[in-house]
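Biologist: Before I plan around this model, could we go through it together, one question at a time?

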Amino acid sequence: MNVYSPVVDRNPSRDDAEAALAVLRKWTEAADDSEITDLDPALLKLLGAGQDYPIFSRQYPKGFIVDEAYKTSLPDLQNGPASLIRGENVRIQHVGISNFRLPLSYRLKDGQSLSLETSVTGTVSLEADKKGINMSRIMRSFYTHAQKSFSFGVVEAALDDYKSDLESFDARIQMRFSFPMQVESLRSGLSGYQYYDLALELVEQNGVRQRIAHLDYVYSSTCPCSLELSEHARQFRGQLATPHSQRSVARVSVVLQDDGDDCLWFEDLVGLCRSAVPTETQVMVKREDEQAFAELNAANPIFVEDAARLFAEAMAGDARIGDFRVLCSHQESLHSHDAVALLTQGPTFAQTSLDPTLFPSLIHRG
C-alpha cells in the first residue's frame, strides 16, 4: 500500500505562519499563563496572552498638536514632592546649565556694537525640600533678553526672571567670549587683532548683587635674575648669554563698582593690564618689531611676584574697581614647572582652598 507524505523540508510560507498563529491563539484562549510559559516563555510576548498590551505606532506623528490639557498631563519629576529627593535633603548653592552658546551684541567704548559668540552659564540655588529645577527655563529666560545689546541692566533682568520662574533666592549668570581688539606693532606700523578671553558675571547671593569681570592677559616675562647673570657672563667672561623669558598669563578678576557713564569698558581693563605689564605678546611682527620686543622685555624684567603686585597696583588705583583678584602663571622656559602667584584684595575673592585645576587653567589657547 502506498502512503502519501507531504514534503516537510520546504520553507514555510506566510499562509503556513498565519495558520500556525491561529492554532496557537486558539490554544492560549483556554490555557493559563503558566502553561503558556511552560511551552515557551516567548509566547506571552508574541501573542499578548494574559495581558491587554497595546500595539504602538512606529511612525513619527507629524500632525500631533500639543494642547494645554495634554501639557498638563505630562509628568514633571523635577517639581515632584520632597519624598522623591535622593541623597541628603540639603540646599544646593548652584544648579543649572553651562555652556549654552548664542551670539550676543556687545557695546564698545567708541559707541559701536559687536556681535560675539558667547558661552553662557546660568545657575540658581535649590532649597532643601525641592526636588529640582526645570533646566530649560534658564535658557528660555535668557533668550527672552538675548536680542538686546549687552549691559549689566539686561543681564539683571534675565537674573530676575531666573529667580521668579524657578522660585530661587540666589542666582548667577556668567558669559564667556573672546573679545577682539586691534593692536599696533611696536615699530613697523602694522596692526592685527589680539583676542582676549573675557568672562562677565552677575551674582546675587543673600540679596546682594555683584558685577564681576574676568580677563586673561597674555604677556612675556623676562627673569630679572637670568638677565643679570647673562650680563655678568658678558662683562666678566666675554661670554654670550641670553636671559630666559616665557609666555605668561594673568587672570585678573574685578568687581565693577558702576555700570553707568563711568563704567569700566573691556578696552579699559585691557589697558590697565597693559600699563601694568607692557610686555604683551605681539600679533604682527617684522624684524624691527622683534628687536623692539627684546628691548621692551629688557626694560621690564619681572618675577611672578612683581607681576602680581604690578597688576594689583593698577587695579587698586582705579575707582571703578572694588575687590579684585590677580592670578599669574609664568610658564618657565628654564624649569619644568611654572612659577605662580595669587593676590586678592577684599572679601569677594578671599579663599582658603584652591581648586586643584586653578593654575593649570591659565593656559593661552593661541
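Biologist: How many salt bridges does a search of the whole structure find?
Modeller: This is a predicted model, and side chains of opposite charge can pair when their charged atoms come close. A search of the whole structure finds a number of such pairs, and the count of salt bridges is 18.

Biologist: Which residue forms a salt bridge with Lys109, and how many residues apart in sequence are the parts that the pair ties together?
Modeller: The partner of Lys109 is Asp268, and the closest N and O atoms of the two are 2.6 Å apart. Because Lys109 lies in the loop between S1 and S2 while Asp268 lies in helix H8 (residues 266-276), the pair ties together parts whose separation in sequence is 159 residues.

Biologist: Is Asp268 buried or exposed, and with which other residue does the side chain of Asp268 meet in a salt bridge?
Modeller: The cut-off for a buried residue is under 20% relative accessible area, and Asp268, at 12%, therefore counts as buried, whereas Lys109 is partly exposed at 48%. Asp268 also meets a second side chain at 2.9 Å, N to O, and that residue is Arg320.

Biologist: Where does Arg320 lie?
Modeller: Arg320 is buried, as Asp268 is. The pair links distant parts of the chain, 52 residues apart, with Asp268 in helix H8 and Arg320 in the loop between H10 and strand S7 (321-330).

Biologist: Which residue forms a salt bridge with Glu295, and where does that partner lie?
Modeller: Glu295 pairs with Arg187, with 2.6 Å between the closest N and O atoms. Both residues are partly exposed, Glu295 at 39% relative accessibility and Arg187 with a relative accessible area of 45%. The pair ties together parts that are 108 residues apart in sequence, because Glu295 lies in helix H9 (residues 287-299) and Arg187 in the loop between strand S3 (171-184) and S4.

Biologist: In which sense do strand S1 and strand S2 pair, and which residue in their hairpin takes a positive phi near 95°?
Modeller: Strand S1 (residues 92-107) and strand S2 (residues 113-126) share 12 bridges, and their sense is antiparallel; Phe100, for instance, has Val120 in S2 as its bridge partner. The hairpin has five residues between the strands, and the one with that phi is Gly111.

Biologist: Which residue in strand S1 has a positive phi although it is not a glycine, and where is Asn206, which also has a positive phi?
Modeller: Most residues other than glycine have a negative phi. In strand S1, the residue with a positive phi of about 65° is Asn99, which is partly exposed at 40% relative accessibility. Asn206 has a positive phi of about 55° and is exposed, with a relative accessible area of 68%; its place is the loop between strand S4 (191-205) and strand S5 (208-222).

Biologist: Why is the chain called more spread out than a compact globule?
Modeller: The chain has 10 helices and eight strands. For 366 residues the globule rule gives 21 Å, so the chain is more spread out than a compact globule, its radius of gyration being 34 Å.

Biologist: Where in the chain is confidence lowest?
Modeller: The chain averages a pLDDT of 88, and 93% of the residues score at least 70. Confidence is highest in helix H10 (residues 304-316), at 98, and lowest, at a mean of 67, in helix H3 (residues 42-47).

Methods:
Residues numbered from 1 in each chain as written. Predicted model: local features only at pLDDT ≥ 70, side-chain atom pairs only at ≥ 80, totals over all residues. Heavy atoms only, no water. pLDDT = per-residue confidence, 0-100. Helix = DSSP H or I, 4+ residues; strand = E, 2+ residues; numbered from the N terminus. Pairing = 2+ DSSP bridges. Buried < 20%, exposed > 50% of the residue type's maximum accessible area, 1.4 Å probe, protein only. Rg over C-alpha atoms; globule rule 2.2 N^0.38 Å. Salt bridge = Lys/Arg side-chain N within 4 Å of Asp/Glu carboxyl O.
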